[in-house]
Amino acid sequence: MSEPTKPIQQPLSTAPTPAPAKAAPAPVAEPPAILSQLQKRVDTIGTFLKAREAEITKDVVGGLTSKRLIGLLLSEMQRNPQLANCTSESVYHAAKRMAQAGLEPGPFGHAYPVPFANKDKGVTEMQCIFGWRGLAFAATRARAALDVDGEVVVDGDEFEFWKGTEGDFLKHRATSDKPRDEANMIGAYCVVTLPDGRRKAWFMKKADILRRKQASLTKGGDIWNKWPDDMFVKTVVRHSMKFLPLSHLSPTERDTLSRVYVSEDDAETVNDADVVAVTDAPKPTTTAEKALARVAEIHPETKNTEGG
């Protein structure tokens with residue numbers, strides 16, 4: 001009688017058992033108390049603005065609605081906590097200025113809400129700064145121009161420009177590989193297509209732009225440091241807008257443009273002894289906790305009483 005067949009046993013593997021994969025570290029969440037402080041402050045400003053929505057609506061032009069404008073401003077505060085430090089009154093006045101110009105904050109670069117420290121009052125106030133694309137948008141919307149475009153010229157670019165009796169000549173090829181920063185830029189220009197189809201060009205040298213920068217409210221702030229090319233272009237676009245033909249515009253259209261350009265000059269030319277950019281002050285650390293510490297300091301009503 002044959003023996004029963006035994007099952008074949010596979011030899012045990014001598015290879016070490018691989019260690020289980022380590023789980024990716026969980027993202028560090030912001031402290032709930034900090035987020036709560038920010039949200040409370042944003043809600044406070046939101047309530048203040050919504051109570052005055054009817055007043056903002058009276059100033060709105062260009063298809064912008066007060067509801068959309070308020071929502072965009074509150075979203076900007078969530079993205080930039082320093083804006084939540086601004087007084088509710090200053091946010092309201094910044095909102096009215098955007099409404100009067102028909103320019104909204106956001107990714108299109110039409111208008112920027114910027115926090116500034118008022119040294120005399122000891123508070124942070126919001127100022128509305130229009131971007132050069134906002135100035136161009138306002139001009140084309142009012143039919144003062146068909147198109148407005150601008151660019152910076154960097155050292156090493158191929159660039160020719162002159163004005164003559166037969167028109168303006170501008171030729172630019174961006175051939176330089178140098179960074180588009182203040183040290184390397186030699187100037188900026190804008191080209192405007194007028195309602196009759198003619199094209200006019202303006203070029204401004206770096207020295208002239210920096211001279212205007214010194215009279216600007218934002219001269220010491222992050223706007224010039226982070227986006228020097230946009231600020232160079234904005235300077236020459238603002239200059240060119242003074243020469244647009246306005247005779248064919250209605251009084252309402254001319255008034256809207258004046259709110260963009262004239263008040264822009266007023267807002268950005270101030271006495272530095274009275275107002276200084278927030279970014280001129282000692283910079284806090286970049287953590288949300290440090291950035292929002294002043295929310296509770298300036299607005300104690302938003303302090304979280306549940307968790308300290």
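A crossing of two helices is called right-handed if the near helix is turned clockwise from the far one by less than a right angle, and left-handed if it is turned anticlockwise. With that in hand, welcome to this structure, which is a predicted model.

## Helices that pack together

Let us start with the pair that uses the definition. Helix α3 (residues 66–79) passes helix α4 (residues 88–101) in a right-handed crossing. Their axes come within 11 Å and cross at roughly 130°. Angles between 115 and 145 degrees count as oblique, and α3 and α4 are therefore oblique to each other.

How do α5 and helix α8 pack? Helix α5 (132–141) and helix α8 (residues 228–241) have their axes 8 Å apart, at an angle of about 30°. That makes α5 roughly parallel to α8, since angles under 35 degrees count that way. The crossing of α5 and α8 is left-handed. Here are both pairs side by side.

| Helix pair | Axis distance | Angle | Handedness |
|---|---|---|---|
| α3 and α4 | within 11 Å | roughly 130° | right-handed |
| α5 and α8 | 8 Å | about 30° | left-handed |

Helix α5 deserves a second look. Its buried residues include Trp132, Gly134 and Leu135. Ala136, Ala138 and Ala139 of α5 are buried too. After α5 comes arginine 143, in the loop that leads from this helix to strand β3. The phi of arginine 143 is near 65°, a positive value in a residue other than glycine. Is arginine 143 buried, partly exposed or exposed? With a relative accessible area of 43%, arginine 143 is partly exposed.

One more helix is worth a visit. Valine 260 belongs to helix α9 (residues 251–268). Valine 260 counts as buried, at 0% relative accessibility. Along the chain, valine 260 and methionine 98 are 162 residues apart, while their C-alpha atoms are separated by 8.8 Å.

## Strands and how they pair

Now to the strands. Strands β3, β6 and β7 make an open sheet of 3 strands, in the order β3-β6-β7, with antiparallel pairing. Which strands stand at the edges? They are β3 (147–154) and β7 (199–205), and each has a single partner strand, so one side of each is left without a neighbour in the sheet. From one strand to the next, the twist averages 15°.

Within this sheet, β3 and β6 pair in the antiparallel sense over 8 bridges. Valine 148 stands opposite valine 192, which lies in β6. In a regular strand the side chains alternate between the two faces of the sheet.

Elsewhere, β4 and strand β5 (residues 167–173) run antiparallel and are joined by 7 bridges. A hairpin links β4 to β5 through 2 residues. Glutamate 158 has arginine 173, in β5, as its bridge partner.

## Aromatic rings and their company

A pair of aromatic rings is described by the distance of the centres and the angle of the planes. How many aromatic pairs does the structure hold? There are 7 of them.

One of these is the stacked pair of phenylalanine 159 and tyrosine 189, at 5.8 Å centre to centre with 25° between the planes. Phenylalanine 159 lies in strand β4 (residues 158–164) and tyrosine 189 in strand β6 (residues 185–193), so this pair ties together parts that are 30 residues apart in sequence. The two partners also have their own surroundings: phenylalanine 159 is partly exposed, with a relative accessible area of 22%, whereas tyrosine 189 counts as buried at 10% relative accessibility.

Tryptophan 224 and phenylalanine 232 form an edge-to-face pair, 6.4 Å centre to centre and with 65° between the planes. Tryptophan 224 is buried, with a relative accessible area of 4%, and phenylalanine 232 counts as buried at 0% relative accessibility.

Some rings gather in a group: Phe159, Phe161, Tyr189 and Phe203 form one aromatic cluster.

Charged side chains meet rings as well. Above the ring of tryptophan 202 sits the charged end of lysine 163, 5.1 Å from the ring centre. Arginine 52 lies over the face of phenylalanine 48, at 3.5 Å from the ring centre.

Key:
Residues numbered from 1 in each chain as written. Predicted model: local features only at pLDDT ≥ 70, side-chain atom pairs only at ≥ 80, totals over all residues. Heavy atoms only, no water. Phe/Tyr/Trp six-rings, centres within 6.5 Å; stacked < 30°, edge-to-face > 60°. Helix = DSSP H or I, 4+ residues; strand = E, 2+ residues; numbered from the N terminus. Buried < 20%, exposed > 50% of the residue type's maximum accessible area, 1.4 Å probe, protein only. Lys NZ or Arg CZ within 6 Å of the ring centre and 35° of its normal. Pairing = 2+ DSSP bridges. Axes fitted to C-alpha atoms, helices over the stretch in contact; angles between N-to-C directions. Parallel < 35°, antiparallel > 145°, perpendicular 65-115°, else oblique.
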